[in-house]
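Work through the exercises below with the sequence and the model open side by side. Try each task before reading its solution.

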Amino acid sequence: KKYTPEQIVVKLRQADVEQTITHLLSHFDGEMLLTDFTPGHAEDFREHLFDLGLANATTCKRCSRIKHIFASAIEHEHIMANPFSGIPTKGKADTSRQEFINQETIETIIGSCADVDFRLVFALARYAGIRIPSELGIRWNEIDWEARTFVVHSPKTEHHPGKAYRVVPIFAELYPYLKAAYDIRKSGSEFVVGLWPCGRSNLRQKAKRAIEAAGFDVWPKLFTNLRSSRASELVNTHGFSEFTVSNWLGNSTEVLKENYLQAMQADVDRATGKLTPELTHPLTQNLTSIGDPVVIPDVIASSWDKLQEVAKEHILPAIIGILGALNETSTTPKEAVPVSPHTPTGRSQFFANH
């Protein structure tokens with residue numbers, strides 16, 4: 001069955017909330033009244049979610065939704081206090097499943113995709129950092145080719161003021177794939193990705209098959225790590241501010257730092273002073289081991305010899321003379337003014353004396 005984008009968003013939200021409520025009702029008696037819930041029941045429910053094998057972040061998210069339900073009950077004066085008020089609802093991000101997907105890998109995967117839609121899905125996720133699949137509803141009439149920007153509607157953040165959509169650059173890496181899709185289906189098509197609207201599970205399965213067909217193992221958090229890789233690249237490699245990148249990706253700077261930014265191998269190489277072979281070869285070609293002497297090129301050795309000669313003949317005597325003059329000046333009465341070596345007459349007299 002074909003659904004409109006709005007219907008897909010509603011269904012996704014309903015499924016997520018319904019799953020949370022199902023967990024709550026399966027743990028407690030369905031006849032239990034709201035007024036019977038205590039903080040102890042809330043803690044029992046949290047432990048129940050952990051027993052189901054849910055991650056800390058997922059457990060906090062489920063408890064947060066239940067907390068909002070009870071908060072609504074307070075507003076309607078059904079209960080006086082929220083039993084979930086003391087339950088932690090902000091879990092610490094689990095970075096153990098983060099993985100940076102470099103551009104060489106994603107280019108190989110995109111190149112192996114015969115389907116233009118999946119080329120776009122991978123390119124939009126990796127090079128624009130959009131959420132998959134909820135933000136795939138990009139329209140051709142919302143692309144500004146002259147300004148190189150496009151509009152991304154964000155169902156996840158639309159309930160926040162001014163966060164219903166955002167304007168994202170058509171990054172240089174994304175442009176060829178977007179332009180190729182436009183040339184193919186520029187007439188009679190509303191959406192950039194032809195398979196939109198689409199469900200997450202079906203899209204994920206097709207993406208996994210595409211990755212494996214390209215010869216790679218499927219990484220954890222398939223689409224999230226593509227978004228995370230782009231965020232890290234924009235901040236660490238391209239030098240954009242976290243504020244700018246968080247606006248392009250549609251989240252707060254706190255969420256960006258806690259959930260998306262990764263330490264890249266390029267950062268490690270730069271921190272350890274690792275250079276490319278082209279740069280290191282001229283610097284190390286004369287070093288065979290730690291204990292071996294460094295061979296100084298002839299041109300440098302010759303220049304150094306000349307510098308030593310100039311220093312012995314002119315610079316060193318001048319320094320000694322200046323020191324002598326300063327010594328004499330320190331013993332001269334205040335009203336006596338020594339001849340300065342920096343004036344024409346003083347300079348000749350100075351070198352005559354020294």
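## Exercise 1: An arginine over a ring

R148 lies over the face of Y175, at 3.9 Å from the ring centre. The model is a predicted one.

**Task.** Place R148 in its element, then state its phi and its exposure.

**Solution.**
- Step 1. Locate the residue. R148 sits in the loop between β1 and β2.
- Step 2. Read the backbone. Phi of R148 is positive, about 60°, although the residue is not a glycine.
- Step 3. Check the cover. R148 has a relative accessible area of 38%. Buried requires under 20% and exposed over 50%. R148 is therefore partly exposed.

**Task.** Find which arginine lies over the face of F171.

**Solution.** R230 does, at 4.6 Å from the ring centre.

## Exercise 2: Ring pairs

**Task.** How many aromatic pairs does a search of the whole structure find? Classify the pair F28 and F37.

**Solution.**
- Step 1. The search gives 11 aromatic pairs.
- Step 2. Take the geometry of one of them. The ring centres of F28 and F37 are 5.1 Å apart, and the planes stand at 75°.
- Step 3. Apply the cut-offs. Centres must lie within 6.5 Å, and planes over 60 degrees apart count as edge-to-face. The F28 and F37 pair is therefore edge-to-face.
- Step 4. Check burial. F28 has 12% relative accessible area and is buried. F37 is buried too, at 13%.

**Task.** Classify the pair W145 and Y175, and say what the pair ties together.

**Solution.**
- Step 1. The ring centres of W145 and Y175 lie 6.0 Å apart, with the planes at 85°, so this pair is edge-to-face.
- Step 2. Place both partners. W145 belongs to the loop between β1 (143-144) and β2 (149-153), while Y175 belongs to helix α6 (residues 175-185).
- Step 3. Draw the conclusion. The pair therefore ties together parts that are 30 residues apart in sequence.
- Step 4. Add exposure. W145 is partly exposed at 24% relative accessibility. Y175 is partly exposed at 22%.

**Task.** Which residues do ring pairs link into a cluster?

**Solution.** The cluster holds F28, F37, F45, F70 and F84.

## Exercise 3: Backbone details

**Task.** Find where P133 lies and describe the peptide bond that leads to it from I132.

**Solution.**
- Step 1. P133 lies in the loop between α5 (116-127) and β1.
- Step 2. The bond from I132 to P133 has omega near 5°, and it is cis.

**Task.** Describe the phi of E77 and its surroundings.

**Solution.**
- Step 1. E77 has a positive phi, near 60°, and is a residue other than glycine.
- Step 2. E77 falls in the loop between α3 (56-75) and α4 (103-112).
- Step 3. With a relative accessible area of 71%, E77 is exposed.

## Exercise 4: Two asparagines

**Task.** Is N251 buried or exposed? Which residues does N251 touch, not counting those up to four places away in sequence?

**Solution.**
- Step 1. N251 is in the loop between α9 (242-249) and α10 (253-260).
- Step 2. Its relative accessibility is 13%, so N251 counts as buried.
- Step 3. The residues N251 touches are R131, R227, S246, L256 and Y260.

**Task.** Set the sequence gap between N236 and A266 beside their distance in space.

**Solution.**
- Step 1. N236 is part of helix α8 (residues 222-237).
- Step 2. N236 and A266 are 30 residues apart in sequence. Their C-alpha atoms are 8.7 Å apart.
- Step 3. List the contacts of N236, leaving aside neighbours within four places in sequence. They are Q262, M264, D267 and R270.
- Step 4. N236 counts as partly exposed, at 24% relative accessibility.

## Exercise 5: Surface and whole chain

**Task.** Which residues form the nonpolar surface patch that includes I322?

**Solution.**
- Step 1. The patch consists of I315, I319, I322, L323 and L326. Together they have about 470 Å² of accessible area.
- Step 2. I322 itself lies in helix α13 (residues 298-330). At 41% relative accessibility, I322 is partly exposed.

**Task.** Summarise the protein chain.

**Solution.**
- Step 1. Secondary structure: 14 helices and 3 strands.
- Step 2. Burial: 33% of the 354 residues count as buried.
- Step 3. Surface: about 21900 Å² is accessible, and 57% of that belongs to carbon and sulfur atoms.
- Step 4. Contacts: among those between residues at least 6 apart in sequence, 61% join residues at least 24 apart.

How values were computed
Residues are numbered from 1 along each chain as its sequence is written. This is a predicted model: local features need pLDDT of at least 70, side-chain atom pairs count only at pLDDT 80 or more; totals for chains, interfaces and linings use all residues. Side-chain values use heavy atoms; hydrogens and water are left out. Rings of Phe, Tyr and Trp (its six-membered ring) pair if their centres lie within 6.5 Å; planes under 30 degrees apart count as stacked, over 60 as edge-to-face and the rest as tilted. Buried means under 20% relative accessible area, exposed over 50%, partly exposed in between (1.4 Å probe, protein chains only). Helices (H or I, at least four residues) and strands (E, at least two) are DSSP runs, numbered from the N terminus. A charge sits over a ring if NZ of Lys or CZ of Arg is within 6 Å of the ring centre and within 35 degrees of the ring normal. Patches are made of residues with over 30% relative accessible area and no salt bridge: like charges are joined within 9 Å, nonpolar side chains (Val, Leu, Ile, Met, Phe, Trp, Tyr) within 5 Å. Accessible areas come from the Shrake-Rupley method with a 1.4 Å probe; for residues, only the protein chains shown count as cover. A salt bridge is a side-chain nitrogen of Lys or Arg within 4 Å of a carboxyl oxygen of Asp or Glu. Contact means heavy atoms within 4.5 Å.
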